[in-house]
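Here are some numbered notes for a colleague meeting this structure for the first time. Please read them with the sequence and the model side by side.

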Number of protein chains: 2
Amino acid sequence: MSEYTAPLRDLQFVVEELAGLDAVNKLPGYEEATPDLVQAVFEEAAKFAGGVLSPLNRAGDTNGARWKDTEVTTTPGWKNAYGQFVEGGWNALACPGEIGGQNLPRLVSAMVEEMWNGANMAFALCPMLTRGAIEAIELRGSEHLKETYLPKMVSGEWTGTMNLTEPQAGSDLAAVRTRAVPQGDGSYKIDGQKIFITYGEHDLTDNIIHLVLARTPTAPEGVKGISLFVVPKFMVNADGSLGERNDVRCVSIEHKMGIHGSPTAVLAFGQAGGAVGYLVGEENRGLEYMFIMMNAARYSVGIEGIGISERAYQRALAYARDRVQGAEAGVKGGGKAAIIRHPDVRRMLMLMKAQTEAMRALAAVVAAAMDTAQLAPDAAEKAKAQAFVDLMIPIVKGWSTENSIDIASLGVQIHGGMGFIEETGAAQHLRDARITAIYEGTTGIQAADLVGRKMARDNGHAAKTVIASMRETAESLKGEEFAALRETLSAGIDAFDRSVQYVVANYGPDVRSVLASSVPLLKLFGIVAGGWQLARSASIAAGHIAAGKGSDFYKTKLITARFYADHVLSQAPGLAHAVVNGAGGTLEISDQAF
Amino acid sequence: MSEYTAPLRDLQFVVEELAGLDAVNKLPGYEEATPDLVQAVFEEAAKFAGGVLSPLNRAGDTNGARWKDTEVTTTPGWKNAYGQFVEGGWNALACPGEIGGQNLPRLVSAMVEEMWNGANMAFALCPMLTRGAIEAIELRGSEHLKETYLPKMVSGEWTGTMNLTEPQAGSDLAAVRTRAVPQGDGSYKIDGQKIFITYGEHDLTDNIIHLVLARTPTAPEGVKGISLFVVPKFMVNADGSLGERNDVRCVSIEHKMGIHGSPTAVLAFGQAGGAVGYLVGEENRGLEYMFIMMNAARYSVGIEGIGISERAYQRALAYARDRVQGAEAGVKGGGKAAIIRHPDVRRMLMLMKAQTEAMRALAAVVAAAMDTAQLAPDAAEKAKAQAFVDLMIPIVKGWSTENSIDIASLGVQIHGGMGFIEETGAAQHLRDARITAIYEGTTGIQAADLVGRKMARDNGHAAKTVIASMRETAESLKGEEFAALRETLSAGIDAFDRSVQYVVANYGPDVRSVLASSVPLLKLFGIVAGGWQLARSASIAAGHIAAGKGSDFYKTKLITARFYADHVLSQAPGLAHAVVNGAGGTLEISDQAF
């Protein structure tokens, strides 16, 4: 079975040429993130991803995490790999220097995250959740919480979790029932059950720091009465050593379709008197704090989709080069051929490749905007970048993850019958990918966020700004070689523009119709935004070729953009039709008539 | 967990009103297949599907078939269920009366097959394979073979298998290497290994009759040197009793992504001196015989896709009615609502429902054409029906199965996080569905068959005949209420028409480009053909409504057709773009540049 190889050439391209590492490098604080340093980081990460994490991926699937008597044992080899991960400083890549991190731009750490997920998504989830917990404590925690927990969480000696979901409270966090009763000493007693807690229990580290949503006795109903607490697995003594076991236990872990290596815990808080918890920030503002982190977490899940797509592509490509079956159509007297020579197999490979590159390009551009939004000296530039980031998060999350399912499924298809046999590994990618469109907000939740908070609320201003940029790109594509791409991209932009106008005009008077169209709109936006970035890529590539520096990499970018236009961007007008006309059938039918 | 409920109302509608049971009932031999009889059969089948097969579906997944020492044990309960299946005469539903069957039209037996697959696809595979083996022996076997094997295969006392694939011979059957050496007594000694043999070994019956592709010593190379043999697991004595164990052993079974209840065997023939086999028909014509059966088998796999889609829909619908989460958007002062009230969940349910009904409608119309092709007294009518069947088989197979994957995936999505947890059952449907687009010819193989044998060979004649019928339907949609449907359907037909012209014009000079476009074309054809059938359904429904007999069922048909037009048919022009323009990117890229 082939191991993961980080797509270093394309990562370099998107970071340096498409997303503007040079500009990010000039932001105050990121002066050290030079192209040379970034390449060095990428190369080391690629070694770790391919050499350490990838070989453990299949064992994670077949062995899985095991639960016994409230304790969870991870797959053999994972504890050692996690130790190396911490040792290598990888856990702190994106954390600010002042809390012990490597202080690398999000543009860089995001691309490294793609490598972890491509190599071993179930493993990568653990540091991803820790990052979220770090961010919560860093942004809103007291100095005491920061001093007590951050250093070891940043280093990775301890991991973090996010405890949101309860059986009755999934997408609807207003329904959270876990109780938090103040003890008069600044601490709270936490009592309740949380489900779907990723790495909620494991044997990788000595301690686990749970961030938990709960209600205080005086809290108002609904979303305005939810507070955020730190609940460590082991209490931490004043000298930093571990104290007593806290009253939080793993009651069971789930039997899931995929990511078997990642334990999904049911956690019981307070079955023996109450788990000790510490308030983060102020009471009743827990959901607000969660939303601060939500964008980052959703973006990270989008990166999971890209990583798994790349891995599925690599595996299918290796199989297609290796598997000999049938003769080549249209070639007289040829013998048996590797299936990569069969046109439909090429189409599937191109569909995997082109979409993965489009997703990566868009994610990189959004990551660079995150860096600008955080550090740009100019307030207007910051605000513009933040508006772009906010608009694009549901696309990076929703579009990349939905695509990853289709891409992993294509990977299975390329394997033929062997794709259905688990030992090939192709099926695992599909099973793993399937969760990405669900957790951290389903695609429907992303789409509702897109049409509501991100489009209707500003009357489509941010979307129109993006449309203007897209049109600039389309108009910059000159000459015969770009005629087809320009035409298809322009038609896609027009389709998206019509759809945005529909959303803005109808969200107020007819929100249900707009919501009924919201996922087709999200998909349409993703397709066009991906085409925009591939068109930019093609334009850059054409520049190199014109300057006589046209390597195969750049020539292929032209082909990839063209393929994407014909096979993916061409779907845009049809989706706009569904957006603008599609609500009727959805809403007219009575509940009984289904 | 909800059990399967056969969609009896829709089955009655498609059989009686859409596919023309009255005309099939008039065919010589099918005089007994009156609407009353058919309804009685459907109702009994529904009871068996929902009451016996469905409750075993989950156990089949979790327990699976087990291999030990060349023997396979099926899931507890399966042997008993199979016994009831045989007892009830279900195995022989479609077989001619003269060999002991129930002699029901394919139109009827196909819809019953949908029920078996909706209830328990892994179980349904066993009789499906037996039917294929029966057909081979019936069509080309000697009288002695027929007398020896058919009665017990038709009753279901013995099952049958199809042994095509070998490790180096998957889609490419020309590469088959299994040897068959004549013994001078009319028998052959078979020697070789076959893989992916569905129900190649099991404990449901006393004997298993393998149909095996192999090469005789004097056979020419390639596809023209393959012969077909009957190889029983146990030899059959002259009195019909079982004799010695034949030299065919199950070496292992596969660990698959889904259909765990169906043992997928690796069979070794001749490890202890040679398995005794009997030639079917003539030497070197094995592949030709297989192709006779292939249409039937491919059609049946299409039915699997429809059955699993219906099951996934039912499960998602039950969950959506039951799961309360969040408040209804756009409804002031409303409390928490079942998720079926959320517009995007409705959209997903409608997408599942509308596509499943479109697939079922098309499959029923094709089944009726099979009956006409077999029994119509008029030769021209027979030939026309056969041409239609031949054209549509790759669509029923390829389109229904590709859709079933997306539909089952939507079912997972509607469950949110619970969809990823195996105990819900939604994930199983996706894992099960995934194989349908692969076996009996991948979607790429179906699409190659479509553009080559079914379109280019007759210069698009059969396709143009269908296009003319589609246009008639579109033009018959009169009035304002049908304006949107008519417009979208017409645009879809135009898109398909352009694509057929492209295929016919380019298959000769540029077969590789046409093959590169073949799967988008297959999908386009399916979408438009499904829209055609839903438009016919809507038209029939409108007639009932105008006549004052408009039940909710008929009113819903209008909504479903409209939804399908806006969300599915609207994709047709984009797909035609990919068909006509999409070959370039696929074929230009060098193998190394992937």
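1. Start with chain A, residues 66-157. An unreviewed UniProt entry annotates this span as "domain: Acyl-CoA dehydrogenase/oxidase N-terminal". Keep in mind that the model is predicted. Over residues 66-157 of chain A, helix accounts for 63% and strand for 7%. The C-alpha atoms at the two ends of the span are 21 Å apart.

2. Now take residues 162-269 of chain A. The label here, again from an unreviewed UniProt entry, is "domain: Acyl-CoA oxidase/dehydrogenase middle". The make-up of residues 162-269 is 0% helix and 46% strand. The end C-alpha atoms of this span lie 14 Å apart.

3. Turn to chain B and look at strand 6, residues 207-214. Is strand 6 enclosed or open? Eight of its eight residues are buried, so strand 6 is largely enclosed by the rest of the structure. Both faces are covered. One side carries N207(B), I209(B), L211(B) and L213(B), all buried. The other side carries I208(B), H210(B), V212(B) and A214(B), which are buried too.

4. Which strands pair with strand 6 of chain B? Strand 3 of chain B, residues 158-163, runs parallel to strand 6 and is joined to it by six bridges. Within this pairing, G160(B) has I209(B) as its bridge partner. Strand 7 of chain B, residues 227-232, pairs with strand 6 in the antiparallel sense, also over six bridges. There, V212(B) is matched with F229(B).

5. Next, the interface. On the chain B side, 87 residues are in contact with 87 residues of chain A. An interface's size is often given as the accessible area lost when the parts come together. For chain B and chain A, the buried area is about 7300 Å², with 60% of it on carbon and sulfur atoms. Three residues, F420(B), R512(B) and F594(B), supply 12% of the area that chain B buries against chain A. No other three residues supply more.

6. Finally, the polar side of the interface. How many salt bridges cross between chain B and chain A? The rule finds eight. One links D172(A) to K336(B), with the closest N and O atoms 2.6 Å apart. Polar contacts across the interface come to 42 residue pairs, both residues at pLDDT 80 or more. Which helix of chain B gives the most to the side that touches chain A? Helix 9 of chain B, residues 343-375, does, with seven residues.

Conventions. Residues are numbered from 1 along each chain as its sequence is written. Chains are lettered from A and ligands numbered from 1 in the order in which they are written. This is a predicted model: local features need pLDDT of at least 70, side-chain atom pairs count only at pLDDT 80 or more; totals for chains, interfaces and linings use all residues. Side-chain values use heavy atoms; hydrogens and water are left out. UniProt positions are given in the numbering used here, feature names are shortened, and annotations may be inferred rather than shown by experiment. Helices (H or I, at least four residues) and strands (E, at least two) are DSSP runs, numbered from the N terminus. Buried means under 20% relative accessible area, exposed over 50%, partly exposed in between (1.4 Å probe, protein chains only). Two strands pair if DSSP finds at least two bridges between them. Contact means heavy atoms within 4.5 Å. Buried area is the accessible area (1.4 Å probe) that two parts lose on being put together, summed over both. A salt bridge is a side-chain nitrogen of Lys or Arg within 4 Å of a carboxyl oxygen of Asp or Glu. A polar contact is a pair of N or O atoms within 3.5 Å; within protein, one must be able to donate a hydrogen and the other to accept it, and residues adjacent in sequence count only if both atoms are side-chain atoms.
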